[in-house]
Amino acid sequence: MGNLNLKGVKENTYDAIVIGSGISGGWAAKEFTEKGYKTLVLERGPDVKHLKDYPTTNMMPWEFEHRGQLTSDIIDANPVVSKCYAFREDAMHFFVKDNDHPYVQDKPFDWIRGYQVGGKSLLWARQTQRWSDYDFEGPARDGFAVDWPIRYKDIAPWYSYVEKFAGISGNKDGIATLPDGEFLPPMELNCVEQYFKEKVASRYNDRHIIIGRAAHITTPQQIHLDQGRAQCQNRNLCQRGCPFGGYFSSNSSTIPWALKTGNMTLQPNSVVESIIYDEKSNKATGVRVIDTVNKKATEYFASVIFVNAAALNTNLILLNSTSSRFPNGLGNDNGLLGKYVAFHNYRGRVNAEYDGFKDKNSEGRRPNSGYIPRFRNVLKQETGFLRGYAAGFGAWRSNQPANGWGNELKSALLNPEPGPWQVNSHIMGETIPKEANRVSLDSSKKDEWGIPLMHIDMAYDNNDEDMLKDYFEQVSEMFADAGFTNIKTQDSKQAPGLDIHEMGGVRMGRDPKTSLLNEWNQLHQCKNVYVTDGACMTSTSTQNPSLTYMALTARAVDHAVRTMKKEG
Ligand SMILES: Cc1cc2nc3c(=O)[nH]c(=O)nc-3n(C[C@H](O)[C@H](O)[C@H](O)COP(=O)(O)OP(=O)(O)OC[C@H]3O[C@@H](n4cnc5c(N)ncnc54)[C@H](O)[C@@H]3O)c2cc1C
Ligand code: SF4
């Protein structure tokens with residue numbers, strides 16, 4: 001495609017271009033604009049303005065046509081996205097529907113996407129744990145993937161930096177595998193969760209039950225009030241968009257902050273087709289963009305480009321950025337672009353009941369849950385599988401169903417009988433990046449904007465199966481030890497993807513022969529292109545990844561700005 005915008009080169013030139021306005025792109029926008037750089041943020045989806053564009057945020061359950069549920073028509077039309085727990089009547093407008101943006105599943109892969117300003121930051125479950133050196137040293141120690149070019153000390157100050165602005169609630173638990181952060185006051189474990197914590201602590205010195213660290217403002221600080229955000233009200237309706245800005249989203253936090261500087265141009269409905277590379281300078285000069293509404297193509301230019309389209313779409317953009325110098329995709333001299341993608345194994349659950357605490361009940365809402373940090377294969381290899389798993393944990397009590405007719409039913413409804421305590425855990429397993437797990441472009445099928453469709457070819461392996469078995473055994477044993485009964489394990493057998501933590505394909509590393517990005521997230525072969533979303537991840541850890549994307553992004557912008565200043 002030629003430059004269809006010859007006249008407008010000057011007016012289409014910025015200091016920085018950021019592709020994508022989700023969790024990582026929002027941070028890139030904030031950092032560049034705050035430092036005085038004119039920044040163009042290109043977002044393929046429509047605008048979603050904080051407060052104004054949250055149509056369901058204050059609706060009562062009875063105001064929804066289907067009381068919050070999905071109709072069978074919607075499920076039939078969306079066999080993939082309807083599997084996501086958050087795809088419900090109140091939030092489905094923020095999810096990509098299956099037929100709108102097709103892709104090719106070489107093996108089953110449930111690709112969950114949010115195409116709008118804010119991306120999936122509107123939809124996420126806000127769990128925000130730091131990684132530790134047990135994660136960054138994992139590939140080198142256990143001999144898989146390639147060594148991370150950074151360690152915890154390189155990113156620790158940036159975790160602090162983003163945590164203070166975003167607002168992360170948590171408890172300082174002092175656990176080596178899960179470094180403490182700059183926490184707002186923690187939410188609380190309930191009585192059964194606290195009981196389980198004590199039971200586990202009395203038997204194991206390396207297993208911990210803690211309250212999740214979550215991006216909720218439990219006590220606003222001045223920096224949050226300055227963003228126009230307020231204390232979380234525990235409504236637990238976050239996926240609708242929060243009218244209080246109680247949780248961190250790009251829409252409530254980084255994007256309006258960047259707009260306030262006057263340095264950001266936010267351009268929704270603009271899908272980046274590819275990055276333009278100039279052989280003479282060995283630099284990227286800009287991007288080719290298609291307007292999703294009128295399909296007009298335009299080129300935009302900048303000194304530095306941040307690719308933050310979310311892991312798989314970032315792979316797609318780079319694979320589609322071909323030139324005579326890079327016929328297989330930008331920076332792809334080693335042929336590894338799109339390979340070694342990985343994800344989290346969320347297949348397993350353990351459910352049980354507890355007969356104690358009959359005088360206590362759970363009431364109200366808590367947009368968070370308990371968390372069991374990784375305890376397997378931490379200090380030494382103790383199982384037949386590599387790496388380990390973290391787990392979610394929660395307990396609650398619900399009422400027995402109200403039965404009967406007439407007065408009997410009325411009385412049962414007015415005097416509900418609490419049932420036994422329910423306890424539940426789910427696995428968050430680290431999967432090993434493998435060359436065979438990859439994404440690529442279809443050679444002929446294109447989307448309605450002329451961009452090749454993505455092929456996704458990812459699967460579990462024996463390591464994942466063995467890990468799942470161990471999780472069932474260990475958590476069942478811990479539950480039994482605590483006196484929980486009716487313990488049931490459940491393998492959902494869900495396809496990869498539903499974890500929504502896909503990572504890799506443009507991995508960081510020390511050696512350009514085996515990695516695509518250096519320690520600052522620059523493409524080894526085209527240094528003014530930075531990738532700081534999940535695509536950059538060399539391995540996946542057991543922690544939720546988005547806090548790490550935020551910290552890497554802020555760190556990379558700092559590096560880009562220092563480099564631009566040096567180069568004049
Ligand atoms: C239900 C749910 C629960 C989750 N829970 C957690 C959790 O508890 N903790 C956690 O860490 N993570 C969680 N996640 C994952 C988290 O949302 C993602 O890791 C995070 O949003 C990724 O940030 P990102 O910037 O890479 O991508 P996104 O936030 O998805 O943003 C990418 C943006 O790029 C845009 N884009 C894509 N392609 C193009 C293109 N070609 N041109 C222009 N724009 C483009 C998209 O429209 C989108 O707006 C959850 C996700 C979901 C859906
Ligand atoms: S739980 Fe907190 S963050 Fe979520 S919608 Fe309610 S007030 Fe907002």
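**Exercise 1. Place Phe306 in the fold and state whether it is buried or exposed.**

Step 1. Find the element. Phe306 sits in strand S10, residues 297-307. Helices (H or I, at least four residues) and strands (E, at least two) are DSSP runs, numbered from the N terminus.

Step 2. Check accessibility. The relative accessible area of Phe306 is 0%, so Phe306 is buried. Buried means under 20% relative accessible area, exposed over 50%, and partly exposed in between (1.4 Å probe, protein chains only).

Step 3. List the neighbours. Contact means heavy atoms within 4.5 Å. Not counting residues up to four places away in sequence, Phe306 touches Ile17, Val18, Ile19, Ala28, Phe32, Tyr530, Thr532, Thr553, Ala556, Val557 and Ala560.

Step 4. Add a distance. Ile112 is 194 residues from Phe306 along the chain, and their C-alpha atoms are 22 Å apart.

A note on the model: it is predicted, with local features needing pLDDT of at least 70 and side-chain atom pairs counting only at pLDDT 80 or more, while totals for chains, interfaces and linings use all residues. Residues are numbered from 1 along each chain as its sequence is written, chains are lettered from A and ligands numbered from 1 in the order in which they are written, and side-chain values use heavy atoms, with hydrogens and water left out.

**Exercise 2. Describe how H1 packs on H12.**

Step 1. Choose the descriptors. Two packed helices are described by the angle between their axes and the distance between the axes.

Step 2. Read them off. Helix H1 (residues 23-34) and helix H12 (residues 546-567) pack at about 35 degrees, with axes 9 Å apart. Axes are lines fitted to C-alpha atoms, for helices over the stretch in contact, and angles run from 0 to 180 degrees between N-to-C directions.

Step 3. Assign the hand. The crossing of H1 and H12 is right-handed. A crossing is right-handed if the near helix is turned clockwise from the far one by less than a right angle, and left-handed if anticlockwise.

Step 4. Name the residues. H1 contributes Ile23, Ser24, Trp27, Ala28, Glu31 and Phe32. H12 contributes Ser546, Tyr549, Met550, Thr553, Ala554, Val557, Ala560, Val561 and Met564.

Step 5. Sort by class. The contact of H1 with H12 has eleven nonpolar, three polar and one charged residues. Ala, Val, Leu, Ile, Met, Phe, Trp, Tyr, Cys and Pro count as nonpolar, Asp, Glu, Lys and Arg as charged, and the others, Gly among them, as polar.

**Exercise 3. Compare the span of H12 with its expected value, then check its cover.**

Step 1. H12 has 22 residues and reaches 31 Å from its first C-alpha to its last. This is close to the 32 Å expected at 1.5 Å a residue. The expected span is 1.5 Å times one less than the number of residues.

Step 2. Of the 22 residues in H12, 16 are buried, and the helix is mostly covered.

Step 3. Look past the end. Gly568 follows H12 and has a positive phi, near 70 degrees.

**Exercise 4. Characterise H6 and its N-terminal cap.**

Step 1. Helix H6 (residues 191-203) has 13 residues and spans 19 Å, close to the expected 18 Å.

Step 2. Its buried residues are Cys191, Val192, Glu193, Tyr195, Phe196 and Val200. They pack against strands S13 (348-354), S14 (370-372), S15 (389-399) and S16 (418-430), and against helix H11 (462-481).

Step 3. Asn190 caps the N-terminal end: a side-chain oxygen of Asn190 lies 3.2 Å from the backbone nitrogen of Val192.

**Exercise 5. Examine Ser539 and Ser541 in the loop before H12.**

Step 1. Ser539 lies between strand S22 (526-531) and H12. Ser541 lies in the loop between S22 and H12.

Step 2. Ser539 counts as buried because its relative accessibility is 1%. Ser541 is buried at 1%.

Step 3. The side chain of Ser539 makes a polar contact with the side chain of Trp148 at 2.8 Å. A polar contact is a pair of N or O atoms within 3.5 Å; within protein, one must be able to donate a hydrogen and the other to accept it, and residues adjacent in sequence count only if both atoms are side-chain atoms.

Step 4. Ser541 has a positive phi of about 55 degrees, although it is not a glycine.

**Exercise 6. Why is H9 described as largely enclosed?**

Step 1. Helix H9 covers residues 311-319.

Step 2. Nine of its nine residues are buried, so H9 is largely enclosed by the rest of the structure. Among them are Leu312, Asn313 and Ile317.
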